[in-house]
Amino acid sequence: MPAKVFQPQQDSLLRIPRITERMGISRSGWWKGVKDGKFPPGIKLSPRVTVWKASEIDALIANIGK
């Protein structure tokens, strides 16, 4: 039996359309929440592209429900 090799699990990255679909809010509502500190700031990939870790969005949705 071959030895198991540890492979870190990658967290997928989400862009705004997927996030707003999951959260049921508008694009401007998402950005307002980011600006106000209610939502995570995201990761800038370029001047016009920001992404968020799926695990952070999952945690945010779970905490909102509490």
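The following exchange asks how the descriptions given to parts of this predicted model are justified.

Reader: What makes the overall arrangement of the protein one of helices and strands, and in which order do they come?

Author: The protein has 3 helices and 3 strands, and from the N terminus on its elements run β-α-α-β-β-α. Of its 66 residues, 24% are buried, while the accessible surface comes to about 5,400 Å², with 56% of that belonging to carbon and sulfur atoms.

Reader: How do you know that β1 and β3 are paired strands?

Author: Pairing requires at least two bridges between the strands, and β1 (residues 13–14) and β3 (residues 49–53) have 2 bridges in the antiparallel sense, so the requirement is met. Within this pair, Lys53 of β3 is the bridge partner of Leu13.

Reader: What makes β2 and β3 a pair, and how many residues stand between them?

Author: Against the requirement of at least two bridges, β2 and β3 have 3, again in the antiparallel sense, and therefore they count as paired. These strands form a hairpin with 2 residues between them; Ser46 stands opposite Val49 of β3, and Lys44 stands opposite Thr50 of β3.

Reader: Why are β1 and β2 called the edges of the sheet?

Author: The sheet is open and has 3 strands in the order β1-β3-β2, with antiparallel pairing. Because β1 and β2 each have a single partner strand, one side of each is left without a neighbour in the sheet, and this is what places them at the edges.

Reader: Where does α3 lie with respect to these strands, and at what angle to β3?

Author: Helix α3 lies across β1 and β3, and its direction makes an angle of about 65° with that of β3.

Reader: Why is Thr50 called buried?

Author: The word applies under 20% relative accessible area, and Thr50, with a value of 10%, is therefore buried. Thr50 lies in strand β3, and, leaving aside neighbours within four places in sequence, Thr50 is in contact with Leu14, Arg15, Trp31, Pro41, Gly42, Ile43 and Lys44.

Reader: Is Gly42, which appears among those contacts, buried or partly exposed, and what makes it so?

Author: At 29% relative accessibility, Gly42 counts as partly exposed, because the value falls between the limits of 20% and 50%. Gly42 is found in the loop between α2 (27–36) and β2 (43–46), and, not counting residues up to four places away in sequence, Gly42 touches Thr50, Val51 and Trp52. Gly42 and Lys53 are 11 residues apart in sequence, and their C-alpha atoms are 7.6 Å apart in space.

Reader: How do you know that Glu21 and Arg18 form a salt bridge?

Author: The criterion is a side-chain nitrogen of Lys or Arg within 4 Å of a carboxyl oxygen of Asp or Glu, and the N to O distance between the side chains of Glu21 and Arg18 is 3.0 Å, so the pair qualifies. Both residues belong to helix α1 (residues 16–23), and because they are 3 residues apart they are separated by about one helical turn. Glu21 counts as exposed at 59% relative accessibility, since the limit for that word is over 50%, whereas Arg18 is partly exposed with a relative accessible area of 41%.

Reader: What makes the pair of Asp58 and Arg22 a link between parts that are 36 residues apart in sequence?

Author: The side chains of Asp58 and Arg22 meet in a salt bridge at 2.3 Å, N to O. Asp58 lies in helix α3 (residues 54–64) and Arg22 lies in helix α1, so the pair ties together parts that are 36 residues apart in sequence. Asp58 is partly exposed, with a relative accessible area of 37%, and Arg22 is partly exposed as well, at 33%.

Reader: Why are Asp36 and Lys32 said to be about one helical turn apart?

Author: The reason is that Asp36 and Lys32 are 4 residues apart in helix α2. Their side chains meet in a salt bridge at 2.8 Å, N to O, and Asp36, at 44% relative accessibility, counts as partly exposed. A search of the whole structure finds 3 salt bridges.

Reader: How much of the contact in the protein is made by residues 24 or more positions apart?

Author: Among contacts with a separation of 6 or more, residues 24 or more positions apart account for 43%.

Methods: Residues numbered from 1 in each chain as written. Predicted model: local features only at pLDDT ≥ 70, side-chain atom pairs only at ≥ 80, totals over all residues. Heavy atoms only, no water. Buried < 20%, exposed > 50% of the residue type's maximum accessible area, 1.4 Å probe, protein only. Contact = heavy atoms within 4.5 Å. Areas by Shrake-Rupley, 256 points an atom, 1.4 Å probe, with all protein chains shown as cover. Axes fitted to C-alpha atoms, helices over the stretch in contact; angles between N-to-C directions.
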